[in-house]
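Please look over the sequence and the three-dimensional structure shown here before reading on. The report then goes from the overall fold to the surroundings of the ligand.

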Amino acid sequence: MRRRIVAGNWKMNGSKDLSEKLVGYVRSETGSLDNGVEVVIIPPALYVGDVLRLAQDAVSVGVQNVGRWQSGAYTGEISAEMAKDAGCRYVLVGHSERRQFFGETDEQVAEKVSLVLASGLAAIMCVGESLEERESGQAETVVAGQVRAGLASVVRAADGRAWQNIVVAYEPVWAIGTGKTATADDAQAMHASIRGVLEDMGAPAEKISLLYGGSVKADNAAALFSEPDIDGGLIGGASLVAEDFVSICRYFPAGA
Ligand code: PGA
């Protein structure tokens, strides 16, 4: 069975105070989930230590980005090795905000995926089309290109085990932070297409978790999570509201 993951990406939001209030609540409310969901919190890197302390192993922790280098004179960057050393389990790679505001290219995404895997952590690689690309019928082609390019290093490594640490998050750019969500049918269709691309790349596609992200809220999570190829969610805004985030974790059907 594929890992079911609900990951909260705090982006550049949060504080020590929010960490105290939210993580303790999430830990106590999701500790008794019977639907096998792995709950992940991805705070700004400065709060990783606090979140880890408060999570007490009941919730996994990740970082939102790592640098393209192993170590050295790259002021302001953190490395995948550091994320591992600090106690993280996941690294988000290639979020559309990184691509849009920091010019991150598919090649850089591939370099980061390689470094994340080398550190022993799991990469949640984000892909997704813009509104123009969707409206011009290019969505599947664009997303397939991002999957192939971003995971090229995994194919080159030719080590089947590397795929165990790959998670792909499909986040249509037009749905992020806008309140617009892909319909469950459209999201399912794209997830099935991504799984087909992974298969074609020689990956154990049936074992790779595919998350949906983009305005997932307590009122649409249940429909998205009941689709066969949607293995969880990457949640932005709603992950900052403890009750909403916990509700989303609960909407996964038990035992399905
Ligand atoms: P959102 O963000 O849930 O606020 O749309 C999702 C994401 O960017 O990961």
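What follows describes a predicted model, beginning with the chain and ending with the residues around its ligand.

**The chain as a whole**

The chain contains 11 helices and 8 strands, and its C-alpha atoms fill a box of roughly 45 × 40 × 35 Å when this is taken along the principal axes. A compact globule of 256 residues would have a radius of gyration near 18 Å, and because the chain has 17 Å, its value agrees with that expectation.

**The ligand and its shell**

The ligand takes up the space of the second largest pocket, where 13 residues surround it, the closest being K11, H95, E171, G177 and S215. Sorted by class, this shell is made up of 4 nonpolar, 7 polar and 2 charged residues.

Some of the residues around the ligand place polar atoms at short listed distances from its oxygen atoms, and the table gives three such pairs.

| Ligand atom | Protein partner | Distance |
|---|---|---|
| an oxygen atom | N or O atom in the side chain of H95 | 2.7 Å |
| an oxygen atom | polar backbone atom of S215 | 2.7 Å |
| an oxygen atom | polar backbone atom of G236 | 2.9 Å |

On its own the ligand has 280 Å² of accessible area, and the protein covers 96% of this area. In the table, H95 takes part through its side chain, whereas S215 takes part through a polar backbone atom, as G236 also does.

**Two loop residues with a positive phi**

Where in the chain is K11 found? K11 belongs to the loop between strand 1 (4-9) and helix 1 (16-30), and its phi is near 55°, which is a positive value in a residue other than glycine. S215, for its part, lies in the loop between strand 7 (210-213) and helix 10 (221-225), and although S215 is not a glycine, its phi is positive as well, at about 55°. These values deserve a remark because most residues other than glycine have a negative phi.

Taken together, K11 and S215 are among the residues closest to the ligand, and each is placed in a loop that runs between a strand and a helix.

Note on methods
Residues are numbered from 1 along each chain as its sequence is written. This is a predicted model: local features need pLDDT of at least 70, side-chain atom pairs count only at pLDDT 80 or more; totals for chains, interfaces and linings use all residues. Side-chain values use heavy atoms; hydrogens and water are left out. A residue is near a molecule or strand if one of its heavy atoms lies within 4 Å of it. A polar contact is a pair of N or O atoms within 3.5 Å; within protein, one must be able to donate a hydrogen and the other to accept it, and residues adjacent in sequence count only if both atoms are side-chain atoms. Accessible areas come from the Shrake-Rupley method with a 1.4 Å probe; for residues, only the protein chains shown count as cover. On a 1 Å grid over the protein atoms alone, a cavity is a set of points where a 1.4 Å probe fits but cannot get out, and a pocket is an open set with protein on both sides within 12 Å along at least five of seven lines; lining residues have an atom within 4 Å of a point. A molecule sits in a cavity or pocket if more than half of its atoms lie within 2 Å of its grid points. Ala, Val, Leu, Ile, Met, Phe, Trp, Tyr, Cys and Pro count as nonpolar, Asp, Glu, Lys and Arg as charged, and the others, Gly among them, as polar. Helices (H or I, at least four residues) and strands (E, at least two) are DSSP runs, numbered from the N terminus. The radius of gyration is taken over C-alpha atoms; the globule rule is 2.2 Å times the number of residues to the power 0.38.
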